[in-house]
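Please look through the sequence and the model shown here, and follow how side chains from separate stretches of the chain come together. The report below moves from the nonpolar interior to the ring pairs and then to the charged pairs.

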Amino acid sequence: MPFAAPVIVVAAAVAPAQAATLKPFDQKAFAAAQAAGKPILVEVHAPWCPICRAQGKAIAKLTANGAHKDLVIFRIDYDTQKPLWQRFGAQKQSTLIAFRGKRETDRVSYQSDERRIAVLLAATRG
């Protein structure tokens with residue numbers, strides 16, 4: 001019986017698509033992202049809000065493929081950061097505000113429609 005050469009299988013590591021970065025709102029980081037011309041999403045979020053949860057799921061789905069890998073999402077807590085969300089002109093939780101650098105490009109409130117959120121995210125590109 002002839003000797004069979006060993007078969008070597010090399011598994012290539014596939015890097016996952018990079019998703020957007022979600023972080024608590026920080027004025028210094030927000031200003032730096034604006035100065036760098038980054039795509040930014042400000043999210044006025046309440047953990048008890050069903051629309052906020054639905055928005056979060058839509059954002060996660062839309063950014064999972066890496067299309068918005070440079071997007072920085074700053075979350076403002078509706079319950080504990082009232083002066084901050086008021087400064088952005090938000091009237092209630094579940095407000096999403098898109099920026100490209102220092103320019104506000106779009107905003108939605110109390111909407112969780114994935115198509116509308118996709119338009120909002122596209123507005124962060126310019």
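Leaving aside residues up to four places away in sequence, Phe 30 touches Phe 25, Ile 40, Val 42, Phe 74, Phe 88 and Phe 99 in this predicted model. Phe 30 also belongs to the largest nonpolar core, a set of 20 residues in which Phe 30, Val 42 and Phe 88 touch the most other members. At least two residues of this core come from each of α1 (27-35), β2, α2, β3, α3 and β4. Apart from this set there is a second, separate core of 13 residues, and among its members are Ala 20, Leu 41, Ile 59 and Leu 62.

Several of the aromatic residues named above are also joined ring to ring, since ring pairs link Phe 25, Phe 30, Phe 74, Phe 88 and Phe 99 into a cluster. The count of aromatic pairs comes to nine. One of them is formed by Trp 48 and Tyr 78, which meet edge-to-face with 6.2 Å from centre to centre and 70° between the planes. Trp 48 lies in the loop between β2 (39-45) and α2 (50-63), while Tyr 78 lies in the loop between β3 (72-77) and α3 (82-87), so this pair ties together parts that are 30 residues apart in sequence. Trp 48 is partly exposed, with a relative accessible area of 45%.

Phe 88 and Phe 99 form another edge-to-face pair, with 6.2 Å between the centres and 75° between the planes. Phe 88 sits in the loop between α3 and β4 (95-100) and Phe 99 in strand β4, 11 residues apart. Phe 88 is buried at a relative accessible area of 11%, and Phe 99 is likewise buried at 6%.

Charged side chains provide further links, and the count of salt bridges comes to five. Three of these salt bridges are set out below.

| Salt bridge | N to O distance |
|---|---|
| Arg 75 and Glu 43 | 2.8 Å |
| Lys 61 and Glu 114 | 3.4 Å |
| Arg 116 and Asp 106 | 2.8 Å |

How exposed or buried are Arg 75 and Glu 43? Arg 75 is partly exposed, with a relative accessible area of 28%, whereas Glu 43 is buried at 2%. Arg 75 belongs to strand β3 and Glu 43 to strand β2, and the two are 32 residues apart.

Lys 61 in helix α2 and Glu 114 in helix α4 (residues 114-123) are 53 residues apart. Lys 61 is exposed, with a relative accessible area of 56%, and Glu 114 is partly exposed at 32%. Arg 116 lies in helix α4 and Asp 106 in strand β5 (residues 103-109), so their salt bridge ties together parts that are 10 residues apart in sequence.

How values were computed
Residues numbered from 1 in each chain as written. Predicted model: local features only at pLDDT ≥ 70, side-chain atom pairs only at ≥ 80, totals over all residues. Heavy atoms only, no water. Phe/Tyr/Trp six-rings, centres within 6.5 Å; stacked < 30°, edge-to-face > 60°. Helix = DSSP H or I, 4+ residues; strand = E, 2+ residues; numbered from the N terminus. Buried < 20%, exposed > 50% of the residue type's maximum accessible area, 1.4 Å probe, protein only. Core = buried A, V, L, I, M, F, W, Y, C linked by side-chain atoms within 4.5 Å. Contact = heavy atoms within 4.5 Å. Salt bridge = Lys/Arg side-chain N within 4 Å of Asp/Glu carboxyl O.
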